[in-house]
Amino acid sequence: MSRNATGEILNEPFQAIGQLADNPSTFDINQDKLLSTEDVCQQFRITRHTLNTWIKKGNFPAPISIGNVKRWPTSLINARIYEDNPQLRERENLMAQARKVSNSETPKTREELDYERLMAEARRIAKTEKSGAAA
């Protein structure tokens, strides 16, 4: 097989991955697992027929193709589950609010803590010297 033919075969999957990668929160090739049809059917406890019906009706994301093999990135499936379940979105909103509150009191880095300790020690020494000079 020539390099050109191999490039043409791989072009379609890379284009599909590129389209998914346009929305980074949807697809991350570095962290996603690619699930087979059997994996997806087992995870949702459905048959292949049901899976294909869902895909045709637009109720489930279509797979990406790598050669002749269909795969589903886990983040694509998770994004669909998230879209279909408002209680997950509500939980995410609560988590975002909690992060916002906690970010107002962000934990300090070691350098910031060391600097604060150093400044507190300098103030203590300055007070001691001041009170010693006044006496």
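**Note on the salt bridges**

1. R117 counts as exposed, with a relative accessibility of 54%. The model discussed here is predicted. The partner of R117 in a salt bridge is D114, with 3.1 Å between the closest N and O atoms. D114, at 38% relative accessibility, is partly exposed. Both D114 and R117 belong to helix 6 (residues 110-134), where they sit 3 residues apart, about one turn of the helix.

2. In total, the structure holds 5 salt bridges. Three of them are described in this note.

3. Helix 6 also carries E121 and R124, 3 residues apart and so about one turn of the helix from each other. Their side chains form a salt bridge, at 2.3 Å from N to O. E121 is partly exposed, its relative accessible area being 34%. R124 likewise counts as partly exposed, at 46% relative accessibility.

4. Beyond helix 6, R80, E83 and D84 are joined into one network by salt bridges that share partners. Within this network, the side chains of R80 and D84 meet in a salt bridge, 3.5 Å from N to O. R80 and D84 are separated by about one helical turn, because they lie 4 residues apart in helix 4 (residues 74-84).

5. On accessibility in helix 4, R80 has a relative accessible area of 22% and is partly exposed. The cut-off for buried is under 20%, so R80 does not count as buried. D84 is also partly exposed, with a relative accessible area of 46%.

Terms used
Residues numbered from 1 in each chain as written. Predicted model: local features only at pLDDT ≥ 70, side-chain atom pairs only at ≥ 80, totals over all residues. Heavy atoms only, no water. Salt bridge = Lys/Arg side-chain N within 4 Å of Asp/Glu carboxyl O. Helix = DSSP H or I, 4+ residues; strand = E, 2+ residues; numbered from the N terminus. Buried < 20%, exposed > 50% of the residue type's maximum accessible area, 1.4 Å probe, protein only.
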